[in-house]
Amino acid sequence: MASSVQIPDAILLKNYIGGDESCLQVLIERHQSKIYGFIYSKVPDRSVCDDVFQDTFIKVIKTLKTRGYNEEGKFLPWVMRIASNLVVDYFRNNKKMPFQRETDEYSIFNFMADSGLSIENKLIENQVEFDIQRIVEELPEDQKEVVKMRFYDDLSFKEISEITGVSINTSLGRMRYAVINMRKIIEKNNIILTN
Amino acid sequence: MAKLYSRRKKSKKEIKPNKEIVSFILSYSKALNIVKVNNFTFENVVN
């Protein structure tokens, strides 16, 4: 097993094209999880995934046996592209959906709901966001930087510490003081942050 | 060593195709023989 892992895809493919069928098994075992996972991420149905996976490798085998594959060290991306095209084909073929015309008894809006915020809640949300931004601007520069990176840029504390050139503990400390200071500003100015 | 406080990614369970599918693919590969003659391609599947 360990030795098969070390053999590059290119050599396995060369041997497979040369007639060594066992190389295909190694290639499938090596990449099946990534390829199947990719298909499953697009089509979360195991039976359909199995079909697409099978069709993908049938195409791969046919192309390899007709010597239509040009080895450039990109076997996995090539197989992924085939799988991706087959997923698109699957969705194209299943596009035909039953059509329902709206009647007095049947209204599409009985089944569909608008999950978005109401106008009032949206206004409140905008106001809250605006207030928070103003509070953040009041913070000292180092604390403001950490808050913006963490919440607006969605960076981890590890990434923040690398960018700002301080330790993770310093970044965490700055965040702690930022939160304490923000609370103080909120209390001092009687700001209500609710939605 | 500094602790990592970043969110830990959820460990993904590896999903694999059905064993029968892999077995079919391997058998298909063994059975398939493709011959090219001039502009024609002949596919033979030997049972």
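Select Ser33(A) to begin: apart from its neighbours within four places in sequence, this residue is in contact with Glu14(B) and Ile15(B), contact meaning heavy atoms within 4.5 Å. Ser33(A) is found in helix α3 of chain A, and with a relative accessible area of 17% it is buried, where buried means under 20% relative accessible area, exposed over 50%, and partly exposed in between (1.4 Å probe, protein chains only).

Before going further, note that this is a predicted model, in which local features need pLDDT of at least 70, side-chain atom pairs count only at pLDDT 80 or more, and totals for chains, interfaces and linings use all residues. Residues are numbered from 1 along each chain as its sequence is written, chains are lettered from A and ligands numbered from 1 in the order in which they are written, and side-chain values use heavy atoms, with hydrogens and water left out.

**The whole of chain A**

Colour chain A by secondary structure, and nine helices and zero strands appear; helices (H or I, at least four residues) and strands (E, at least two) are DSSP runs, numbered from the N terminus. Of the 195 residues of chain A, 32% count as buried, and among its contacts with a separation of 6 or more, 51% are between residues 24 or more positions apart.

**The interface with chain B**

Now show both chains together, with 28 residues of chain A and 24 residues of chain B taking part in the contact. The area buried between them is about 2,300 Å², of which carbon and sulfur atoms give 70%; buried area is the accessible area (1.4 Å probe) that two parts lose on being put together, summed over both.

Next select Lys62(A) and Glu43(B), whose side chains meet in a salt bridge with N and O 3.5 Å apart, a salt bridge being a side-chain nitrogen of Lys or Arg within 4 Å of a carboxyl oxygen of Asp or Glu. The count between chain A and chain B is one salt bridge. On the side of chain A that touches chain B, the elements that give two or more residues are α3 (22–42), α4 (46–65), α8 and α9, and the largest share, nine residues, comes from α4(A).

Stay with the pair a little longer: Glu43(B) forms its salt bridge with Lys62(A), and because Glu43(B) lies in strand β2 (residues 40–45) of chain B and Lys62(A) in helix α4 of chain A, the pair joins two chains. Both ends are partly exposed, Glu43(B) at 43% relative accessible area and Lys62(A) at 28%.

**Helix α7 and its surroundings**

Move to helix α7 (residues 141–152) of chain A, whose twelve residues should span 16 Å at 1.5 Å a residue, in agreement with end C-alpha atoms that are 15 Å apart; the expected span is 1.5 Å times one less than the number of residues. The buried residues of α7(A) are Gln143(A), Lys144(A), Val146(A), Val147(A), Met149(A) and Arg150(A), and what covers them includes α6 (119–138), α8 (157–164) and α9 (168–189) of chain A.

Select Arg174(A) and Asp142(A), which form a salt bridge whose closest N and O atoms are 3.6 Å apart. Arg174(A) lies in helix α9 and Asp142(A) in helix α7, so the pair ties together parts of chain A that are 32 residues apart in sequence.

Finish just beyond the helix, at Asp154(A), which follows α7(A) and has a positive phi, near 60°. Asp154(A) forms a salt bridge with Arg150(A), the closest N and O atoms being 4.0 Å apart; Asp154(A) is exposed at 54% relative accessibility, whereas Arg150(A) is buried at 16%.
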